[in-house]
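Work through the following exercises with the sequence and the model side by side. Each one sets a task and then goes through a solution step by step.

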Amino acid sequence: MKKALLVIAVLVVFSCNFETKKISSEEVLELESRSLNWKEVDQYPAFKDCQDQTELLAARDCFEREVAENIYAYLSKQQPVVTESIDDTLYLYLEITSAGNPEIDSVQIDSTLNKQLPELRMWLDQSINSLPKIYPASKRGVPVSSIFKMPIVIKAE
């Protein structure tokens, strides 16, 4: 009787059809990338002074503040000659590449502002090129590009 139970138990165990499906790493990567929100980053770009910020919003604010301070410092050194007073806002779309290089994606400049300050785009390029080393944004530990829309207030008399 014991032998018969043992044989039946062995047959039951080995007769079960365990079916496993192998998933390739490409399929796993595709499924994973579909579920990720690529518009959000795990870590914002940072300057050396902002790297100790652990909270995501504080890190973004620190980065944007540093960029704005550098741009305004550079623009304040310029001595534009204007025929009428200016109090306008332009929008700078700044891309930080996955290598940490800052690039101007685009600039929305009002035509009257552009007419009064034709060198403004060149000054913006130069101010961006003079930024200190930037550590790029990351998503799951991988460096990624990110774009920031930054308002810049221009006042001149």
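## Exercise 1: One residue of a helix

Asp-61 is partly exposed, with a relative accessible area of 37%. This value, like every other one here, comes from a predicted model.

**Task.** Explain why Asp-61 is classed as partly exposed, and say where Asp-61 is placed.

**Solution.** Step one is to compare the area with the cut-offs: buried means under 20% and exposed means over 50%, so Asp-61, at 37%, is partly exposed. Step two is to find its place, which is in helix H3. Step three is to look at a residue elsewhere in the sequence: Cys-50 and Asp-61 are eleven residues apart along the chain, and their C-alpha atoms are 9.2 Å apart in space.

## Exercise 2: The chain as a whole

**Task.** State how many helices and strands the chain has, and give their order.

**Solution.** Counting comes first, and the chain has five helices and five strands. Reading from the N terminus, the order of these elements is α-α-α-β-β-α-α-β-β-β. As for burial, 31% of the 157 residues count as buried. Finally, among the contacts with a separation of 6 or more, 72% are between residues 24 or more positions apart.

## Exercise 3: Aromatic rings

**Task.** Describe the aromatic pairs in which Phe-63 takes part with Phe-47 and with Phe-148.

**Solution.** A pair of aromatic rings is described by the distance of the centres and the angle of the planes. The structure holds three aromatic pairs. Phe-47 and Phe-63 form a stacked pair, with 5.2 Å from centre to centre and 20° between the planes. Since Phe-47 lies in the loop between helix H2 (25-35) and helix H3 (56-77), whereas Phe-63 lies in helix H3, the pair ties together parts that are 16 residues apart in sequence. Both Phe-47 and Phe-63 are buried.

The next step turns to the rings of Phe-63 and Phe-148, whose centres are 5.1 Å apart and whose planes stand at 40°, so that this pair is tilted. Phe-63 lies in helix H3 and Phe-148 in strand E5 (residues 146-156), so the pair ties together parts that are 85 residues apart in sequence. The relative accessible area is 0% for Phe-63 and 5% for Phe-148, and both residues are buried. As a last step, Tyr-44, Phe-47, Phe-63 and Phe-148 can be put together as one aromatic cluster.

## Exercise 4: The sheet and the helices on it

**Task.** Work out the strand order of the open sheet of three strands, and say which helices lie on or across its strands.

**Solution.** The order of the strands is E2-E1-E5, and the pairing is antiparallel. Strand E2 (102-108) and strand E5 stand at the edges with a single partner strand each, so one side of each has no neighbour in the sheet. Neighbouring strands are turned by 30° against each other on average, direction ignored.

The bridges come next: six of them join strand E1 (residues 86-96) to E2, and eleven join E1 to E5. Glu-95 stands opposite Glu-103 in E2, while Ile-96 has Ser-146 in E5 as its bridge partner. Turning to the helices, H3 packs on the sheet, where it touches E1 and E5, and its direction makes about 40° with that of E5. Helix H5 (residues 120-129) lies across E1, E2 and E5 and runs at about 155° to E2.

## Exercise 5: Two faces and a core

**Task.** Sort the side chains of E5 by face, and name the residues of the largest nonpolar core that touch the most other members.

**Solution.** In a regular strand the side chains alternate between the two faces of the sheet. Along E5, the side chains of Ser-146, Phe-148, Met-150, Ile-152, Ile-154 and Ala-156 point to one face and are buried, while those of Ile-147, Lys-149, Pro-151, Val-153 and Lys-155 point to the other and are not.

The largest nonpolar core has 31 residues, of which Leu-90, Leu-120, Leu-124 and Ile-154 touch the most other members. H3, E1, E2, H5 and E5 each supply at least two residues of this core. Leaving aside residues up to four places away in sequence, Leu-90 has contacts that include Val-107, Leu-120, Leu-124 and Ile-154.

Conventions: Residues are numbered from 1 along each chain as its sequence is written. This is a predicted model: local features need pLDDT of at least 70, side-chain atom pairs count only at pLDDT 80 or more; totals for chains, interfaces and linings use all residues. Side-chain values use heavy atoms; hydrogens and water are left out. Rings of Phe, Tyr and Trp (its six-membered ring) pair if their centres lie within 6.5 Å; planes under 30 degrees apart count as stacked, over 60 as edge-to-face and the rest as tilted. Helices (H or I, at least four residues) and strands (E, at least two) are DSSP runs, numbered from the N terminus. Buried means under 20% relative accessible area, exposed over 50%, partly exposed in between (1.4 Å probe, protein chains only). Two strands pair if DSSP finds at least two bridges between them. Axes are lines fitted to C-alpha atoms, for helices over the stretch in contact, and angles run from 0 to 180 degrees between N-to-C directions. Contact means heavy atoms within 4.5 Å. A nonpolar core is a set of buried Ala, Val, Leu, Ile, Met, Phe, Trp, Tyr and Cys residues joined through side-chain atoms within 4.5 Å.
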